[in-house]
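User: I am new to reading protein models, and I would like to work through one slowly. Could you take my questions one at a time and show the reasoning behind each answer?

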Amino acid sequence: QRTIVQITVQTSRGERRKSGQILTDIERDVDAATGELVWRFSRTFREIVKNSTHWASISARAVMEMECKYSPWLYQLCALHAGRRQVTRDWPLAVLRERLGASAPSMQRWQDFKRYALEPAVAEVNHLTGIAVTWAPVKIGREVVAVRLACSRKQPPEIAAAAAEINRPRVGRRARRAGTVEQIASEQGARRRAIAEELAALPPFPPRSDD
């Protein structure tokens with residue numbers, strides 16, 4: 001009831017910003033625990049839905065498994081663009097920070113935003129969803145002014161791999177995402193083989209004497 005939505009509309013007086021609540025005309029019984037709740041969507045919200053061309057399908061399971069708080073917002077943003085002909089778009093830093101919910105003062109430095117918001121969010125979206133996303137900085141001189149996001153839908157085998165990861169325990173997920181699990185297993189196997197070879201090369205124990 002308190003959430004405000006807004007849309008830019010063209011009028012006879014030019015481009016204007018229209019805003020309003022999502023819900024209106026709310027009625028509920030006095031007994032809130034067992035009573036009936038009735039509401040209407042506001043005229044502004046109905047106009048936004050009627051004229052919207054932004055539709056996307058996202059996995060609630062994937063969202064629930066995400067640990068980085070910026071990942072769901074990036075996932076929604078990329079899902080909107082993955083099915084379009086032009087899947088690459090440059091996002092000004094201020095706009096991207098706002099879309100990811102990373103507008104805090106601690107995120108104003110590019111390096112902090114990249115390390116704590118962008119990189120972990122991209123990693124989780126690529127690991128857990130049916131969307132593939134890559135990014136690159138857009139610079140003017142040495143200053144990063146925007147981020148170029150490229151979003152596309154994965155192929156069926158990649159989607160199946162993401163679904164399988166969602167069904168696995170969270171324990172070890174970061175290691176699996178970074179590929180360090182396979183590396184550790186390989187190193188352990190090599191070490192075991194080396195130990196076995198060293199043991200095989202040792203001379204046999206002398207026979208026990210019963211004296």
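User: Is helix α3 largely enclosed or largely open, judging by how many of its twelve residues are buried?

Analyst: This is a predicted model, and each residue of the helix can be judged by its relative accessible area, with buried meaning under 20%. The buried residues of α3 include Ser 71, Leu 74, Leu 77, Cys 78 and His 81. Because nine of the twelve residues of α3 are buried, the rest of the structure leaves this helix largely enclosed.

User: Which elements help to cover the buried residues of α3?

Analyst: The cover is made by both helices and strands, and it includes α2 (60-65), α4 (93-100) and α5 (110-128) among the helices. On the side of the strands, the cover includes β5 (88-92), β6 (131-140) and β7 (143-153).

User: What span should helix α3 have, and what is the distance between its end C-alpha atoms?

Analyst: The helix runs over residues 71-82, and the expected span comes from allowing 1.5 Å a residue. The expected span is 1.5 Å times one less than the number of residues, so the twelve residues of α3 should span 16 Å. The end C-alpha atoms agree with this expectation, since their distance is 16 Å.

User: Which element gives the most residues to the largest nonpolar core?

Analyst: The largest nonpolar core holds 30 residues, and Leu 74, Leu 96, Phe 113 and Leu 149 are those with the most contacts inside it. At least two residues of this core come from each of α3, α4, α5, β6 and β7. With eight residues in this core, the element that gives the most is α5.

User: Which residues does Leu 96 contact, once its neighbours within four places in sequence are left aside?

Analyst: Leu 96 is one of the residues with the most contacts inside the largest nonpolar core. Phe 113 and Leu 149 are also in that group, and both of them are in contact with Leu 96. With the neighbours within four places in sequence left aside, the contacts of Leu 96 are Leu 77, Trp 91, Phe 113, Val 147 and Leu 149.

User: How many disulfides are there, and how far from Cys 78 is the nearest cysteine sulfur?

Analyst: Cys 78 is buried at a relative accessible area of 0%, and Cys 151 is buried too, at 3%. A disulfide needs two cysteine sulfur atoms within 2.5 Å, whereas the cysteine sulfur nearest to that of Cys 78 belongs to Cys 151 and is 3.3 Å away. Cys 78 is therefore in no disulfide, and the count of disulfides in the model is zero.

User: Which residues are joined with Glu 165 into one network of salt bridges?

Analyst: Glu 165 is buried at 5% relative accessibility, and this residue forms salt bridges with Arg 173 at 2.9 Å and with Arg 176 at 2.7 Å. Because Glu 165 lies in helix α6 and Arg 176 in helix α7, that pair ties together parts eleven residues apart in sequence. Through shared partners, the residues joined with Glu 165 into one network are Glu 65, Arg 168, Arg 170, Arg 173 and Arg 176.

User: How many residues apart are the partners Glu 47 and Lys 18?

Analyst: The closest N and O atoms of Glu 47 and Lys 18 are 2.8 Å apart, and the two residues form a salt bridge. Glu 47 is partly exposed at 26% relative accessibility, and Lys 18 is likewise partly exposed, at 25%. Glu 47 belongs to helix α1 and Lys 18 to strand β2, so this pair links distant parts of the chain, and the separation is 29 residues.

Technical notes: Residues numbered from 1 in each chain as written. Predicted model: local features only at pLDDT ≥ 70, side-chain atom pairs only at ≥ 80, totals over all residues. Heavy atoms only, no water. Salt bridge = Lys/Arg side-chain N within 4 Å of Asp/Glu carboxyl O. Helix = DSSP H or I, 4+ residues; strand = E, 2+ residues; numbered from the N terminus. Buried < 20%, exposed > 50% of the residue type's maximum accessible area, 1.4 Å probe, protein only. Contact = heavy atoms within 4.5 Å. Core = buried A, V, L, I, M, F, W, Y, C linked by side-chain atoms within 4.5 Å.
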